[in-house]
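Student: I should like to examine one part of this model closely and then see how the rest of the chain is arranged. Please begin with a single residue and proceed from there.

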Amino acid sequence: MTRTYLPGIIAMAAIVVASNILVQFLFGQWLTWGAFTYPLAFLVTDIMNRVYGAAAARRVVMVGFVVGLVCSLIGTQIMGEFGPLVTWRIAIGSGVAFLVAQLIDVSVFAALRGGKWWRAPLVSTLVGSSIDTALFFSIAFAGNLSFLHPATDVSWAAETLPLLGAGPMAPLWVSLAVADWAVKLSIALVALIPFRLITARLTERA
């Protein structure tokens, strides 16, 4: 790691730590506050990719993965009202989803970096965010993956309810996933503004 990458490393670590804390607090019926901070990890990855290249972005991703892993392991040891703050399935899902989605984001961005300035960050984040949501919620809550950690009770997540309270009947975890995915997609669009401003500033300095 070089000092050049330090701001990206610090930003990624801060986002991961903040998201692990804020995920404990509900926002409405389908979301947690962590849903609004976690997508910023894709912004950090894309900025690093644009300014310093894919190798630098992957280094920052690995730092985020390690920090997230530590946070999850700590969470499994802290007991809340209904058991550990972080179940082993959530820990596994979080780690796998983050690493896979972020690395795919880096690869997609690198493949599209020669086009219009907005295409690479937008497409890579949309792809990465979708993969992240699918992996995390299925690994953490889907009943057919209970073999990952049989002792984790996810029966509450399998309760069948109208999707987001108004759609067709679906397991609760699917509504949680859809709401989380919608937030990620919205932030991906909004994040184009800071992406453009920050990358332009850093490129001028370089």
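Student: In which loop, between which two strands, does leucine 164 lie? Please look closely at this residue, and then describe the chain around it.

Tutor: The model is a predicted one, and what follows should be read accordingly. Leucine 164 is placed in the loop that links strand E5 (160-162) to strand E6 (169-171). Its backbone deserves attention: phi is near 55 degrees, a positive value in a residue other than glycine. Most residues other than glycine have a negative phi. As for its surroundings, leucine 164 has a relative accessible area of 36%, and because this value falls between the 20% limit for buried and the 50% limit for exposed, the residue counts as partly exposed.

The loop belongs to a chain with 8 helices and 6 strands. Read from the N terminus, the order of elements is α-β-β-α-α-α-β-β-α-α-β-β-α-α. The radius of gyration is 17 Å, close to the 17 Å given by the globule rule for 206 residues, so the chain is as compact as a globular protein of that length. The C-alpha trace spans about 50 × 35 × 25 Å along its principal axes. Of the contacts between residues at least 6 apart in sequence, 67% join residues at least 24 apart.

The interior may be considered next. Buried residues account for 43% of the 206 residues. The largest nonpolar core has 22 residues, of which Met12, Val44, Met48, Val60, Val67 and Phe98 touch the most other members. Helix H1 (6-22), helix H3 (40-52), helix H4 (54-77) and helix H5 (88-112) each supply at least two residues of this core, and H4 contributes the most, with 8 residues. Val67, one of the residues just named, is in contact with Ala13, Val16 and Val17 once its neighbours within four places in sequence are set aside. A second, separate core comprises 18 residues, among them Trp30, Ala35, Ala97 and Leu172.

The surface completes the description. The chain exposes about 10,600 Å², and carbon and sulfur atoms supply 71% of that area. With regard to charge, the chain carries 12 positive and 8 negative charges, and the mean positions of the two groups are 19 Å apart.

To return to the residue in question, leucine 164 combines a positive phi with partial exposure, in the loop between E5 and E6.

Notes
Residues numbered from 1 in each chain as written. Predicted model: local features only at pLDDT ≥ 70, side-chain atom pairs only at ≥ 80, totals over all residues. Heavy atoms only, no water. Core = buried A, V, L, I, M, F, W, Y, C linked by side-chain atoms within 4.5 Å. Buried < 20%, exposed > 50% of the residue type's maximum accessible area, 1.4 Å probe, protein only. Helix = DSSP H or I, 4+ residues; strand = E, 2+ residues; numbered from the N terminus. Contact = heavy atoms within 4.5 Å. Rg over C-alpha atoms; globule rule 2.2 N^0.38 Å. Areas by Shrake-Rupley, 256 points an atom, 1.4 Å probe, with all protein chains shown as cover. Lys, Arg positive; Asp, Glu negative; His and termini not counted. Charge placed at Lys NZ, Arg CZ, Asp CG, Glu CD.
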